[in-house]
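Student: I'd like a close look at one helix in this model, and then at the parts of the chain around it. Could you walk me through it in one go?

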Amino acid sequence: MNPFASLARPIAREEEMDAADLPPAHYAKVLADLSRINGLTLARRPTMGFLGRVRARGVEAGGIGAKPWRILDVGFGAGDMLLAIARWGDAHGVALDLVGVDLNPKSAPVAAARLGDRARLITGDYRDLAGQGWDIILSSLVTHHMDGGQRRDFLRFMEAEGTRGWLVNDLHRQRLPFAGYPLLASLALVDPIVRRDGQLSVGRSFRRAEWQATLADALSDTASQCRIFRSFPYRLCVERIR
């Protein structure tokens, strides 16, 4: 992809890893390489920071309680975020009931091999999981795969279902990561799909003003209680903590 392509608006193009005909073994390789890139780019930092802030809010309110937090991770992929969350809970003495949902049936075997019995994995639509007592709803690198209506519906779902709060952890559409990602991917020796899709993911992601408009449209009454923040390097996240 041209590193000088226009970024005035999100790039409207599908990513190769979403193709239904990608063989399972190749898909597993793509997920493994994507997990390595996520580690290199500190992808888990915003989520761990968010959990720490939720925990601090609970302590301020008089304790976090003995009941496990029910956490839903939407678009769990390789399961690396769920594993990081499980380890965070162990380190901070927070009991967790972890559930992941992913539309792609090829994700579950990859994540299960990594997670064992630390999380329950569901193949399907997150909307089918409404009304199940979620404390926290999370997503990472998911919202840029959605169109405008899907993002609006997803924000409304999280706002309605996440009793402690929710987090969108995604990329920031900027020139430097868009132009520079292919070099990082080449140095990391990742699958060509990861190299191409990673750059496209940056191009498909959003800027602060776009998130502000989306929040105002989706959550008119509570948009002001959401926080949009940057996280090094080149993450733009949206959180809501109750």
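Tutor: Happy to. Let's take helix H6, which covers residues 175-187: its 13 residues reach 19 Å from the first C-alpha to the last, close to the 18 Å expected at 1.5 Å a residue. Please keep in mind that this is a predicted model.

The end-to-end span does not tell the whole story of H6. The helix bends by about 40° at tyrosine 181, and proline 182 follows within four residues. Tyr181 is also one of the buried residues of H6, together with Pro177, Phe178 and Ala185. A general point helps in reading that list: an α-helix has 3.6 residues a turn, so residues three or four places apart point the same way. The cover over the buried residues of H6 includes helix H1 (24-40) and helix H7 (192-204).

Now follow the chain out of the helix. After H6 comes leucine 189, with a positive phi near 60°, and this is a residue other than glycine. Leucine 189 sits in the loop between H6 and H7. Is its side of the story buried or exposed? Leucine 189 counts as exposed because its relative accessibility is 69%, and the cut-off for exposed is over 50%.

A second positive phi is worth setting beside that one. Tyrosine 234 has a phi of about 65° although it is not a glycine, and it is found in the loop between S6 and S7. With 30% relative accessibility, tyrosine 234 counts as partly exposed. That loop, between strand S6 (227-231) and strand S7 (235-241), is also the place of proline 233. A cis peptide bond joins phenylalanine 232 to proline 233, with omega at about -10°.

Going back along the chain from H6, we come to strand S5 (residues 165-171), which holds aspartate 170. Where accessibility is concerned, aspartate 170 counts as buried because its value is 1%, and buried means under 20%. Leaving out residues up to four places away in sequence, aspartate 170 touches Leu141, Val142, Thr143, His144, Ser205, Arg235, Leu236 and Cys237. For a sense of distance, the C-alpha atoms of aspartate 170 and glycine 116 are separated by 26 Å, with their positions 54 residues apart along the chain.

Next, a helix pair to compare with the packing around H6. Helix H5 (residues 148-161) and helix H8 (residues 208-218) pack at an angle of about 65°, and their axes are 9 Å apart. The crossing of H5 past H8 is right-handed. From H5, the residues involved are Arg151, Arg152, Leu155 and Arg156, and they meet Trp211, Thr214, Leu215, Asp217 and Ala218 of H8. By type, the residues of this contact divide into 4 nonpolar, 1 polar and 4 charged.

A few buried residues in other parts of the chain round out the picture. Leucine 129 lies in the loop between strand S3 (120-123) and strand S4 (136-140), and it is buried, with a relative accessible area of 7%. Setting aside residues up to four places away in sequence, leucine 129 touches Leu72, Val101, Ile122, Trp134 and Phe157. The last of these, phenylalanine 157, is 28 residues from leucine 129 in sequence and 9.8 Å away in space, C-alpha to C-alpha.

Valine 99 belongs to strand S2 (residues 96-102) and counts as buried at 0% relative accessibility. Its contacts, not counting residues up to four places away in sequence, are Ile71, Leu72, Asp73, Leu82, Arg120, Ile122 and Trp134. The C-alpha atoms of valine 99 and aspartate 33 are separated by 23 Å, and the two are 66 residues apart along the chain.

Finally, alanine 86 lies in helix H3 (residues 80-92). Alanine 86 is buried too, with a relative accessible area of 6%. Beyond its neighbours within four places in sequence, alanine 86 is in contact with Leu96, Leu98 and Arg118. The C-alpha atoms of alanine 86 and alanine 25 are 26 Å from each other, for a separation of 61 residues along the chain.

Conventions:
Residues are numbered from 1 along each chain as its sequence is written. This is a predicted model: local features need pLDDT of at least 70, side-chain atom pairs count only at pLDDT 80 or more; totals for chains, interfaces and linings use all residues. Side-chain values use heavy atoms; hydrogens and water are left out. Helices (H or I, at least four residues) and strands (E, at least two) are DSSP runs, numbered from the N terminus. The expected span of a helix is 1.5 Å times one less than its number of residues. The bend at a residue is the angle between axes fitted to the seven residues ending there and the seven starting there. Buried means under 20% relative accessible area, exposed over 50%, partly exposed in between (1.4 Å probe, protein chains only). Contact means heavy atoms within 4.5 Å. Axes are lines fitted to C-alpha atoms, for helices over the stretch in contact, and angles run from 0 to 180 degrees between N-to-C directions. A crossing is left-handed if the near helix is turned anticlockwise from the far one by less than a right angle, and right-handed if clockwise. Ala, Val, Leu, Ile, Met, Phe, Trp, Tyr, Cys and Pro count as nonpolar, Asp, Glu, Lys and Arg as charged, and the others, Gly among them, as polar.
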